[in-house]
Amino acid sequence: MSRISKVLIANRGEIAVRVIRTARRLGLGTVAVYSDADANALHVASADEAVHIGPAPARESYLLADRILAAAKATGANAIHPGYGFLSENADFAEAVAAAGLIFIGPPASAIRAMGGKSEAKALMETAGVPLVPGYHGEDQDGALLAQEAARIGFPVLIKASAGGGGKGMKVANSAEEFPAALASAKREAKASFGDDRVLIEKYLARPRHVEIQVFADSHGNCVYLFERDCSIQRRHQKVVEEAPAPGMDPAIRARMGQAAVAAAQAIGYVGAGTVEFLLDTDGAFYFMEMNTRLQVEHPVTEKITGQDLVEWQLRVAAGEPLPLSQDQLTINGHAIEVRLYAEDPSKGFLPQTGRLAHLRFPEQGQHVRVDTGVRSGDAISIFYDPMIAKLIVWDKDRDSAVRRLEKALAETEIAGLNANVPFLSAVAAHPGFLAADLDTRFIERYEADLLPAASAPDATILALFALGLTLSRRSGDSDPWAAIGGFLLNLPATERIDWAEAGEEGATHSVMVTWKRGSFSIAAAGETLSVSGCLSSDGTLSANLDGRHVTARWVRWGDHVTLFYAGTTRTLSLVDPHEGAHADHGGHGRLTAPMPGKVIALLVAEGASVSKGQPVIVLEAMKMEHTLKAPSDGRVTHLRYAVGDQVSEGVELVGFEAV
Ligand code: ADP
């Protein structure tokens, strides 16, 4: 390690925090870099030193190689860890780091280049004898030729951005009719995300599992694999749940995949941490998809089952040391599962959410539970970066025990202030299909009805808990004694009405009547009357007795909103100010508004056009993804308010719409 004394982490968020943790344990100095949006971020506070590198947009900060190199020079850092995303797979950056006399903690630029384009990588792997999915990955990008190739491969086909990553620029075409629109959309997304609209086409496999192999090579010619991760549970072709080892993995297939991955790494003179991604078909055949020439988001599950710190391995290898262990010294111990906690709304096609994390609480960490995060309570999830809030990793001696740990850890995870996918992940963890390890990349689609149940109105128990929490929180308030007891005077029976509104455009209002009766409450809601008593601790734990039934929930107030965590579910309601009279109209109903700030990239109807409910009307690009907005009902588009290329802010009305 002696060649590295101080590491600059050219990244942000959880991965920067995670790299800093290991660097510090090894006694190395650490330097963070940050944009305007991240001045108070956790990664900045975690490092020994931090350098401001520019405005919030990544293009003006985290993606600027020169600024990063200048920051390294200014602080005397002699090595740069790129994390994942941003500049991590940018060969020019790796070269520039070396040219500046610094150590790049990653593979040689030539290896990044070899795997940089999906098409080129496939051609290379074909030569190295690594099996590929049938497809077209040629240079010629003529539309007619691509359509012809798609027909030759046979529908359904998957169109992928050649420069792609993170599921962006990837579209399925089920038929020749669908092909042109899917191609256009894939190209648009590819251009916007990677500045390169070349695509490749592959046979779309029916029930593949995504199984990837972690490889590691040093500069002395050694290369090992640290087994596999199953990342089949995906939405929008993006991973949300990852586990190691892959459930039910045949040791012979594991060895074959491991050897193929090592062969792939050796074919390009690889050094450092890398991941070779395969699709594993139901018949045990596996096909190379791509190699990620960096540390993966999901590396912690591999760390948990091997007992190794992969960032330490990266640092040692970058310092010129040999790999810490040989292949036969590596073994699998137990089972680990990671879930990615995202700010997103699963019920709206997993639409990313932005906002402030009004409340954030994670389960206690230890041998069985690990939480990797880059945010704290009060931090914002902005439009500028990935909406991942944290990674929750559990480990136990076998898969069943690990799944139980996961359910418990998710039940102890509290996120309020924006919509997070915690309840969705809880539904996955508790699903019989997940317990049975019935995994493939269409898992979420297949079980959508179970995993994304239609929103239900809060029942009497839930409403009683909301109202009880509010009433108790006022009583424990130590300000004005009269205000503190709210509407309740002395010991006389008194009734107060509390109105709660559901969030969203069609959010209903629920009235709860609370009557104080000497030491307990009678709470009427949703057509039931419950006899209720309880207490609320200062940290938000609500213990209640409802008609003799004891329940515990967590009650968190932020502004006019309350979030209730109860029995593995999360629900947020807003207090309706009684003085405002009726619950304010949220608007939006029957209108087409921008769900987040973004750019208009396509108008799919003409002014004056009649549309039917669900018909795509306008395409927005936000957070590097395309969102197609559909007509809320049958009607007519009376006018188009924005042109293609216009920037729109959240909540604005995008088109004039008249329902019929
Ligand atoms: P990205 O680099 O954008 O993450 P990948 O090439 O790694 O894209 O693919 C992401 C996911 O898309 C895979 O894990 C798998 O679920 C799905 N996928 C990719 N190729 C195919 C295919 N040929 N057939 C079926 N699913 C595929």
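1. Phe278 is buried in this predicted model, with a relative accessible area of 0%. Its partner ring belongs to Phe286: the two ring centres are 5.3 Å apart and the planes stand at 80°, so the pair is edge-to-face. Phe286 is buried as well, at a relative accessible area of 10%.

2. The structure holds twelve aromatic pairs. One of them joins Phe93 and Phe104, whose planes meet at 85° with the centres 6.0 Å apart, so this pair is edge-to-face. Phe93 belongs to helix α4 and Phe104 to strand β5 (residues 103-104), so the contact ties together parts that are eleven residues apart in sequence. Phe93 has a relative accessible area of 2% and is buried. Phe104, at 10%, also counts as buried, because the cut-off for buried is under 20%.

3. Four aromatic residues, Tyr62, Phe86, Phe384 and Tyr385, form one cluster.

4. Charges sit over rings at two places that can be checked in the viewer. The charged end of Arg235 lies over the ring of Tyr342, 4.5 Å from the ring centre. The charged end of Arg399 lies over the ring of Phe434, and here the distance to the centre is 4.6 Å.

5. Which residues of helix α3 are buried? In this helix, which runs over residues 65-75, they are Ile68, Leu69, Ala71, Ala72 and Thr75. Viewed down the axis of α3, these buried residues fall within an arc of 155°, so they line one face of the helix. The spacing follows a general rule: an α-helix has 3.6 residues a turn, so residues three or four places apart point the same way.

6. What does the buried side of α3 pack against? Its buried residues contact four strands, β1 (6-9), β2 (29-35), β3 (49-54) and β4 (79-81), together with helix α4 (91-99). Helix α4 is also the element that holds Phe93 of the pair in point 2.

7. The face of α3 turned away from its buried side carries Asp66, Lys73 and Ala74, which are exposed. After the helix comes Gly76, which has a positive phi, near 75°.

8. On annotation, an unreviewed UniProt entry lists residues 3-449 as "domain: Biotin carboxylation". Over this range the chain is 33% helix and 26% strand. The C-alpha atoms at the two ends of the range are 55 Å apart. The annotation may be inferred rather than shown by experiment.

Definitions and conventions
Residues are numbered from 1 along each chain as its sequence is written. This is a predicted model: local features need pLDDT of at least 70, side-chain atom pairs count only at pLDDT 80 or more; totals for chains, interfaces and linings use all residues. Side-chain values use heavy atoms; hydrogens and water are left out. Buried means under 20% relative accessible area, exposed over 50%, partly exposed in between (1.4 Å probe, protein chains only). The arc is that of the directions from the helix axis to the C-beta atoms. Contact means heavy atoms within 4.5 Å. Rings of Phe, Tyr and Trp (its six-membered ring) pair if their centres lie within 6.5 Å; planes under 30 degrees apart count as stacked, over 60 as edge-to-face and the rest as tilted. A charge sits over a ring if NZ of Lys or CZ of Arg is within 6 Å of the ring centre and within 35 degrees of the ring normal.
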